[in-house]
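Me: I'd like to go through the labels on this one and see what each rests on. Can you set the values against the cut-offs for me?

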Amino acid sequence: MSRDDPGSVLLSFEARAAQGKRIAYMAVYALGAFAIINQGLAVTFLAPLANVWGALAVLALAWAALVRRAYGVKPSQPAWARYAWWYVLYTLALVLADLKHPVLALNAWTVDVEYIFVGLLVPLALDAEDTLKLFYGVIAMSMLMGVDGWFQFLIKVPIPSQWLDVGEHVRTRVFTVMKSPAEFGANLELTLPLMLGLFAVDQDKRRRRVYLVGAFVALGALFMTYDRGSWLGLFAAAVLVSAAFERRLLPMLGGIAALGLCVPSLRHRALDLLNPVYVVKSSAGGRMALWQQAFDVMSRNPLFGSGLGYYGGYVATSHSFSAFSDNYYAKVLGETGILGLALFMAMHVAIVRDMIRCVRRSSGGSRLLALGGLTGITAILIHSFVENLFEYNYTANLYYLLVGLLFTWGRSLPEADETRSRWRKARMSDE
């Protein structure tokens, strides 16, 4: 067959499309195992790659999306994408306006927006029928870390004294390969509802059993983190979503909460939030005092804030400009002002709104998966009021990765704006 033969051209397109899909798959699986890969690199001579390989995975997704577009597939982006682009461009403008420390501002911008591109690229690089297998690969990583969390609890892994309140006694606080129990808790509150949703929608019996066992392991590991922000985020999100869409789940949630409060160490950890002494200490030099600082910093330049890298986050603390804000919204307010916070909030409100549309279009097992996705997303957004979650690269990556996969999967729902793909379909089967 000659190069000028139309059949050879079509074969070339098919080969490029298949190659692009393989690269997209590998990038998604790698990003799903972000924490495990990073930890593996950190203990070898390849440690310098830990700082760059995530960006390479994002570029691989971008390349796969470009191949897909060249092949003639032009899927529409979800509605939240327009707000994401506005936020990215606004923060980039702040970087360009910082003439004193442009490298510092660029570093802070990268920390803030790098993984937003994951959520934007996944729907452009994949088809709806790809997502269930990819969900399985991504969620399996959280299950493995859940097992590691149980192991840490059983061996009573040593932890820093500052991870405990004064006078508090617990066996340990699990964190697996992550930097803190809060980060591990954020991972679990995002993936645990999806494990239950995938159990309902996946037709493969073996995977269903894995999801059910994984959910039990993840719930136990979440309790073992002793991270109140994660507990609050997941429980509040589950109650809100259940009250709005599936009230039959409320008694079960009440039972889980009651069971947790029956364990003395869990009860002590949770009820300490209601202790007046805790409130006084928090107002004097804790989280509440840090949140007030965000308003003080923002008030110097209400619209545009102090500039990226100057307040409340990793870059600011590493350069001794400020302490961590322990509230990502406060960090965004202090650094980017009222305008930046409005754009950031608009992006996440649009994500929640688009996810609610998925819930309303779905039924049966698909509805439970959509509810699980909505619950996990809402849990992270609630938890971010007490932690800088989107500064943790593990958490930000997983959040936007799952957002991208959920909206790609949503194209398969009735009345979805489906894009006809000429790529070969990756069918779910028991074979």
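Me: What makes Leu 222, Phe 223 and Thr 225 in H9 residues that meet H10?
Reply: They touch Ser 230, Trp 231 and Leu 234 in H10, where contact means heavy atoms within 4.5 Å. By class, this contact has four nonpolar, two polar and no charged residues. Ala, Val, Leu, Ile, Met, Phe, Trp, Tyr, Cys and Pro count as nonpolar, Asp, Glu, Lys and Arg as charged, and the others, Gly among them, as polar. The model is predicted, so local features need pLDDT of at least 70, side-chain atom pairs count only at pLDDT 80 or more, and totals for chains, interfaces and linings use all residues. Residues are numbered from 1 along each chain as its sequence is written, and side-chain values use heavy atoms, with hydrogens and water left out.

Me: Why is H9 called oblique to H10?
Reply: Helix H9 (residues 205-225) and helix H10 (residues 228-245) pack at about 135°, their axes 8 Å apart. Under 35 degrees would be roughly parallel, over 145 roughly antiparallel, and 65 to 115 roughly perpendicular, with the rest oblique. The angle fits none of the named ranges, so H9 is oblique to H10. Axes here are lines fitted to C-alpha atoms, for helices over the stretch in contact, and angles run from 0 to 180 degrees between N-to-C directions.

Me: How do you know that Thr 91 is buried?
Reply: Its relative accessible area is 0%, and buried means under 20%, exposed over 50%, partly exposed in between (1.4 Å probe, protein chains only). Thr 91 therefore counts as buried. Leaving aside neighbours within four places in sequence, Thr 91 is in contact with Trp 109, Val 113, Leu 308 and Thr 336.

Me: And why is Leu 89 put in another class, given that 48%?
Reply: Leu 89, also placed in helix H4, has a relative accessible area of 48%, so it is partly exposed. Leu 89 and Val 113 are 24 residues apart in sequence and 9.9 Å apart in space, C-alpha to C-alpha.

Me: What share of the protein counts as buried?
Reply: That label covers 52% of the 431 residues.

Me: What makes up the contact of H16 with H18, by class?
Reply: Phe 344, Met 347 and His 348 are among the H16 residues that meet H18, where the partners include Tyr 399 and Val 403. The contact has ten nonpolar, one polar and one charged residues. Helix H16 (residues 328-361) and helix H18 (residues 393-409) pack at about 40°, with axes 11 Å apart.

Key
Helix = DSSP H or I, 4+ residues; strand = E, 2+ residues; numbered from the N terminus.
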